[in-house]
Amino acid sequence: MKVLVSGGAGFIGSALIRFLIQEADVSVINLDKLTYAASPEALDAVRASTRYHFEQVDICDREAVTSVFERHRPDAVMHLAAESHVDRSIDGPEACLQTNVVGTFVLLEATREYLKQLSTESRDAFRFHHISTDEVFGDLSPDAPPFNEVSPYSPSSPYAATKAASDHLVRAWGRTYGVPVVLSNCSNNYGPFQYPEKLIPLTVFNALRGQPLPLYGQGDQIRDWLHVDDHARALFRILCGGELGETYLVGGESERTNLEVVEAICDQLQPLIPRPGGYRPLIRFVDDRPGHDRRYAVSPSKALRTLGWTRHYSFEAGIQQTVSWYVDHQDWLFGSGADGRRLGSGSAG
Ligand code: NAD
């Protein structure tokens with residue numbers, strides 16, 4: 001099987017490609033613009049494989065995207081390319097609109113054209129898997145049950161609104177043009193190679209430099225956390241076994257407040273690199289951001305029940321592995337892009 005992965009040099013895309021090459025015997029075409037968020041080092045482990053191909057392409061560039069389809073002739077698309085940072089989407093929403101909405105449109109149109117060249121058999125087997133977020137559902141009240149596949153959309157941030165728009169485009173292209181789509185919406189991911197503007201790597205980044213650990217508001221926003229390798233496994237299950245036109249929610253069933261997450265990181269760091277008084281005293285509460293959703297949580301019961309997907313990591317085991325990884329890869333964490341890294345308040349979506 002030959003899979004075109006968009007955004008494969010990003011945090012989740014690179015974990016997915018490592019899985020596809022190392023554990024699934026799949027050929028991969030990684031189509032990525034290499035924005036500030038890309039981490040080419042995350043692909044070092046697979047770069048030498050004859051089943052790995054890289055194309056530096058902007059998904060908004062129709063001609064270039066079409067050329068990638070014609071030269072590589074994929075059997076499936078897994079679409080992850082996106083502007084994924086909520087704070088950046090608030091400061092400057094245009095990039096989000098371009099990549100998340102226009103880019104998805106371009107990729108769908110290129111897929112639609114390409115499908116016309118395929119035999120009925122190849123077209124029937126083809127999948128366009130759109131990878132999205134639980135943020136499209138908006139704010140979940142404290143005692144409400146987690147979101148499920150039929151929860152209404154109510155996005156709060158420009159990021160979430162553009163991801164919601166892209167979900168709608170994908171469903172419409174499935175319904176109107178017969179593009180064989182499948183969708184998944186996942187909760188917060190964590191793990192190695194996450195760009196250190198997101199809550200977990202940014203907290204490690206600041207803690208190791210003895211800098212304050214900023215938390216929005218009172219740090220009481222709740223997110224559901226899933227290890228990125230468990231997400232990669234779910235994505236492959238959905239690609240291979242997901243029903244045409246269906247949506248799958250993917251999550252870790254591990255709801256934590258941002259404060260709990262940062263405290264867990266502090267506690268993991270202490271035995272690894274002891275600091276007098278520990279790391280918790282570095283925690284600082286800062287002004288909340290506008291439109292900040294208090295809680296996200298999804299029910300992944302459909303994915304667990306129908307796809308045979310299981311999670312390897314509990315939150316405790318996953319955060320331990322992740323913090324150790326950042327401690328062992330400080331060259332990457334403080335690497336060449338660090339000067340340009342915007343050290344905000346550590347968005348957890
Ligand atoms: P990321 O920001 O780490 O990576 C995004 C990748 O897309 C980068 O490699 C970047 O270079 C590439 N890209 C951006 N604009 C592009 C363009 N115009 N053309 C081609 N490539 C472009 O993102 P991530 O955290 O890996 O998220 C991947 C996907 O998963 C996104 O669609 C996101 O909405 C979704 N998602 C993320 C999370 C999470 O917790 N990180 C949770 C649920 C869903």
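**View A. Leu34 and its neighbours at the ligand.** In this predicted model, a polar backbone atom of Leu34 sits 3.5 Å from an oxygen atom of the ligand. Asp32 joins in with its side chain, where an N or O atom is 2.6 Å from an oxygen atom of the ligand. Ile59 uses its backbone instead: an N or O atom there lies 2.9 Å from a nitrogen atom of the ligand. As for cover, the ligand on its own exposes 830 Å², and the protein buries 97% of that.

**View B. Who lines up around the ligand.** Zoom out a little and 28 residues surround the ligand, with Ile12, Asp32, Ser84, Tyr159 and Lys163 coming nearest. What is the mix of nonpolar, polar and charged residues in the shell? The split is 14 nonpolar, 10 polar and 4 charged. The space that the ligand takes up is the largest cavity.

**View C. Helices and strands behind the shell.** Four elements each chip in at least two residues of the shell around the ligand: helices α1 (11–23) and α6 (158–177), plus strands β5 (127–133) and β7 (188–190). Which of the elements gives the most to the shell? That's β5, with 3 residues.

**View D. A salt bridge between Glu55 and Arg71.** Here the focus moves to one charged pair: Glu55 and Arg71 form a salt bridge, and their closest N and O atoms are 2.7 Å apart. The two residues are 16 residues apart and tie together distant parts of the chain, with Glu55 in strand β3 (residues 52–56) and Arg71 in helix α2 (residues 62–72). Across the structure there are 16 salt bridges.

Key: Residues numbered from 1 in each chain as written. Predicted model: local features only at pLDDT ≥ 70, side-chain atom pairs only at ≥ 80, totals over all residues. Heavy atoms only, no water. Near = heavy atom within 4 Å. Polar contact = N/O pair within 3.5 Å; in protein donor to acceptor, adjacent residues only side chain to side chain. Areas by Shrake-Rupley, 256 points an atom, 1.4 Å probe, with all protein chains shown as cover. 1 Å grid on protein atoms, 1.4 Å probe; cavity = no way out; pocket = protein on both sides within 12 Å on 5 of 7 lines; lining within 4 Å. Sits in = over half its atoms within 2 Å of the grid points. Nonpolar A, V, L, I, M, F, W, Y, C, P; charged D, E, K, R; others polar. Salt bridge = Lys/Arg side-chain N within 4 Å of Asp/Glu carboxyl O.
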